[in-house]
Amino acid sequence: MNNTSPFSFLQSLATRFQPPAWVVDEGQQKLVLFLNHVLMQEKEAQNRLLRKKGSVVHVRWGAFGLDLLITPAGLLDRASPDAKPDLLLAVAAESPAVVMQSVIAGKPPPVKIEGDVQLAAELGWLADNLRWDVEEDLSRLIGDVPAHTLAGAARQVLAGLRQFLAQAPAAAASGAATVTPQAEPAKAAP
């Protein structure tokens, strides 16, 4: 019996795929711009990063890596390639499916942390407390009411996915399908 996942081909393809250098460069630059956009929405986040200005954080997930420099404004920039990182954050899960499943479930993916403990604590606070206000950004494009409606629908879909993922491991662990009990028919009295 074949126990391989039907998605194993896609996972092996994703691990072998190496995008061109310019795509990686542009993607990293866009990610830094997005992170700064989110940081600028919360002054406390900038103040916390400001305490560690000049520090370099190396983020790695599989073959992809990014060196981030904390600027004197409490924002992020890409560090020079020869910069020595003060903190290493490596996502321990190689599979994109595992990472996405944990993110959808509202849990952080497993991360290996090495280096400056205070910097790691500040980044931990950011991960716990900083959120992108998607609805606010969307309202600038399409207006308040449509943005609120769209964001509400997205929250419902995400809640449904989380509920599904919460139930899926329990059914898989028991090895049996969930069966709802049905009442027995009433017996006639003698």
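**A five-stranded mixed sheet and its helical cover**

In strand β4, Leu-88 is the bridge partner of His-58. The pairing belongs to a predicted model, and His-58 lies in β1, which spans residues 56-61 and is joined to β4 by four bridges in the parallel sense. In general terms, the strands of a sheet pair through backbone hydrogen bonds, either parallel or antiparallel.

The protein as a whole contains seven helices and five strands, which follow one another from the N terminus in the order α-α-α-β-β-β-β-α-β-α-α-α. Of its 190 residues, 22% are buried, and the accessible surface amounts to about 13,700 Å², with 63% of that area belonging to carbon and sulfur atoms. Among the contacts between residues at least 6 apart in sequence, 60% join residues at least 24 apart.

The sheet is open and has five strands, arranged in the order β3-β2-β1-β4-β5 with mixed pairing. Because β3 (76-78) and β5 (111-115) stand at the edges and each has a single partner strand, one side of each is left without a neighbour in the sheet. Neighbouring strands are turned against each other by 25° on average when direction is ignored.

Apart from the parallel contact of β1 with β4, the pairings of the sheet can be followed outward on either side. Strands β1 and β2 pair in the antiparallel sense over six bridges, and within this pair Val-57 stands opposite Leu-68 of β2. The hairpin that they form has two residues between the strands, and Gly-62 in this hairpin takes a positive phi near 65°. Strand β2 is in turn joined to β3 by three bridges, again with the strands running antiparallel, and here Leu-68 stands opposite Arg-78 of β3. Leu-68 of β2 is thus placed opposite Val-57 and also opposite Arg-78. The hairpin of β2 and β3 has five residues between the strands, and in this hairpin Gly-74 takes a positive phi near 80°. On the other side of the sheet, five bridges join β4 to β5, which run antiparallel, and the bridge partner of Val-91 in β5 is Val-111. Strand β4 is mostly covered, since four of its five residues are buried.

Helices pack against this sheet and against one another. Helix α2 lies across β2 and β3, and runs at about 170° to β3. Asn-36, a residue of α2, has a relative accessibility of 10% and therefore counts as buried, the limit being under 20%. Outside its immediate sequence neighbourhood of four places, Asn-36 touches Leu-75 and Leu-76.

In α3, the buried residues are Ala-45, Gln-46, Arg-48 and Leu-49. Viewed down the helix axis, the buried residues of α3 fall within an arc of 160°, so they line one face of the helix. The elements that cover these residues include α2, β2, β3 and α5.

The loop between α3 and β1 holds Lys-52, which counts as buried because its relative accessibility, 15%, is under the 20% limit. When residues up to four places away in sequence are set aside, the contacts of Lys-52 are with Ile-70, Asp-116, Gln-118, Leu-119 and Glu-122.

The largest nonpolar core comprises 16 residues, and those with the most contacts inside it are Leu-39, Leu-49, Leu-76, Leu-126 and Leu-130. Two or more residues are contributed to this core by each of α2 (21-40), α3 (43-50), β2 (64-70), β4 (87-91) and α5 (117-129). In soluble globular proteins, nonpolar side chains tend to be buried together. Leu-49, one of the core residues with the most contacts, is also among the buried residues of α3. Leu-76, another of these core residues, touches Val-32, Leu-35, Asn-36, Leu-39, Leu-49, Leu-68, Leu-69, Ile-70 and Thr-71, again without counting residues up to four places away in sequence. The contacts of Leu-76 therefore include Leu-39 and Leu-49, which are named with Leu-76 among the residues that have the most contacts inside the core, as well as Leu-68, the residue that stands opposite Arg-78 in β3.

Terms used. Residues numbered from 1 in each chain as written. Predicted model: local features only at pLDDT ≥ 70, side-chain atom pairs only at ≥ 80, totals over all residues. Heavy atoms only, no water. Core = buried A, V, L, I, M, F, W, Y, C linked by side-chain atoms within 4.5 Å. Buried < 20%, exposed > 50% of the residue type's maximum accessible area, 1.4 Å probe, protein only. Contact = heavy atoms within 4.5 Å. Areas by Shrake-Rupley, 256 points an atom, 1.4 Å probe, with all protein chains shown as cover. Pairing = 2+ DSSP bridges. Axes fitted to C-alpha atoms, helices over the stretch in contact; angles between N-to-C directions. Arc of directions from axis to C-beta.
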